[in-house]
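Biologist: Could you take me through this structure step by step? Please explain each term when it comes up.

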Amino acid sequence: MGDFEPGHTINYDVRISGNGLYIFVIEGAVKIDGHTLNKRDALGVYDLSSLTIETKAQSRLLLMEVPMM
């Protein structure tokens, strides 16, 4: 979990190969792969080794790695 200023870029590397990633926007707005997520939006992704998140507003995010098997 983290709090981020607008215009911040977060590069997240998946820690365990084969895990997926669940992103929940508690507050604010972010852009991930061309898609904007706003307050209380969530996104689950898998089959990746890293992800870039751009904050569009003051944001609080929760990222969770989850096993996909």
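Modeller: I will begin with a definition: helices (H or I, at least four residues) and strands (E, at least two) are DSSP runs, numbered from the N terminus. From the N terminus on, the elements of the protein chain run β-β-β-β-β-β-β-β. The chain therefore has 8 strands and 0 helices. This is a predicted model, in which local features need pLDDT of at least 70, side-chain atom pairs count only at pLDDT 80 or more, and totals for chains, interfaces and linings use all residues. Residues are numbered from 1 along each chain as its sequence is written, and side-chain values use heavy atoms, with hydrogens and water left out.

Biologist: How compact is the protein chain?

Modeller: Its radius of gyration is 11 Å, close to the 11 Å that the globule rule gives for 69 residues, so the protein chain is as compact as a globular protein of that length. The radius is taken over C-alpha atoms, and the rule is 2.2 Å times the number of residues to the power 0.38. Along the principal axes, the C-alpha atoms fill a box of roughly 35 × 20 × 20 Å.

Biologist: What share of the residues counts as buried?

Modeller: Of the 69 residues, 26% count as buried. Buried means under 20% relative accessible area, exposed over 50%, and partly exposed in between (1.4 Å probe, protein chains only).

Biologist: Now the sheet. In what order do the strands of the open sheet come?

Modeller: The open sheet of 4 strands has the order β2-β7-β4-β5, and the pairing is antiparallel. Two strands pair if DSSP finds at least two bridges between them. The edge strands are β2 and β5 (35-38), each of which pairs on one side only.

Biologist: How many bridges join β2 to β7?

Modeller: There are 5 bridges between β2 (residues 9-13) and β7. One bridge partner pair there is Thr 9 with Glu 54 in β7. Strand β4 (residues 29-32) pairs with β7 over 3 bridges, again in the antiparallel sense. Within β7, Thr 55 is the bridge partner of Val 30, and Ile 53 stands opposite Ile 32.

Biologist: Which side chains of β7 are buried?

Modeller: Leu 51, Ile 53 and Thr 55 point to one face and are buried, whereas Ser 50, Thr 52 and Glu 54 point to the other and are not. In a regular strand the side chains alternate between the two faces of the sheet.

Biologist: Let us stay with Thr 55. Why does Thr 55 count as buried?

Modeller: Thr 55 counts as buried because its relative accessibility is 3%. This residue belongs to strand β7 (residues 50-55).

Biologist: What does the side chain of Thr 55 reach?

Modeller: The side chain of Thr 55 reaches the backbone oxygen of Glu 5 at 2.6 Å. Leaving aside neighbours within four places in sequence, Thr 55 is in contact (heavy atoms within 4.5 Å) with several residues, including Phe 4, His 8, Ile 10 and Ala 29.

Biologist: And Ala 29: buried or exposed?

Modeller: Ala 29 is buried, with a relative accessible area of 10%. Ala 29 lies in strand β4. Not counting residues up to four places away in sequence, Ala 29 touches, among others, Leu 37, Asn 38 and Ser 59.

Biologist: New topic. Which residues make up the largest nonpolar core?

Modeller: A nonpolar core is a set of buried Ala, Val, Leu, Ile, Met, Phe, Trp, Tyr and Cys residues joined through side-chain atoms within 4.5 Å. The largest one has 11 residues: Ile 10, Tyr 12, Leu 21, Ile 23, Val 25, Val 30, Ile 32, Leu 37, Leu 51, Ile 53 and Leu 61. Strands β2, β3 (19-27), β4 and β7 each supply at least two residues of this core. The largest share, 3 residues, comes from β3.

Biologist: What does Ile 32 contact, leaving aside its neighbours within four places in sequence?

Modeller: The contacts of Ile 32 beyond those neighbours are Ile 23, Leu 37, Leu 43, Leu 51, Thr 52 and Ile 53.

Biologist: Which strands does β8 pair with?

Modeller: Strand β1 (residues 2-4) is joined to β8 (residues 59-67) by 3 bridges, and the two run antiparallel. In that pairing Asp 3 stands opposite Arg 60. Strand β3 is joined to β8 by 8 bridges, also antiparallel, and Leu 21 stands opposite Glu 65.

How values were computed
A polar contact is a pair of N or O atoms within 3.5 Å; within protein, one must be able to donate a hydrogen and the other to accept it, and residues adjacent in sequence count only if both atoms are side-chain atoms.
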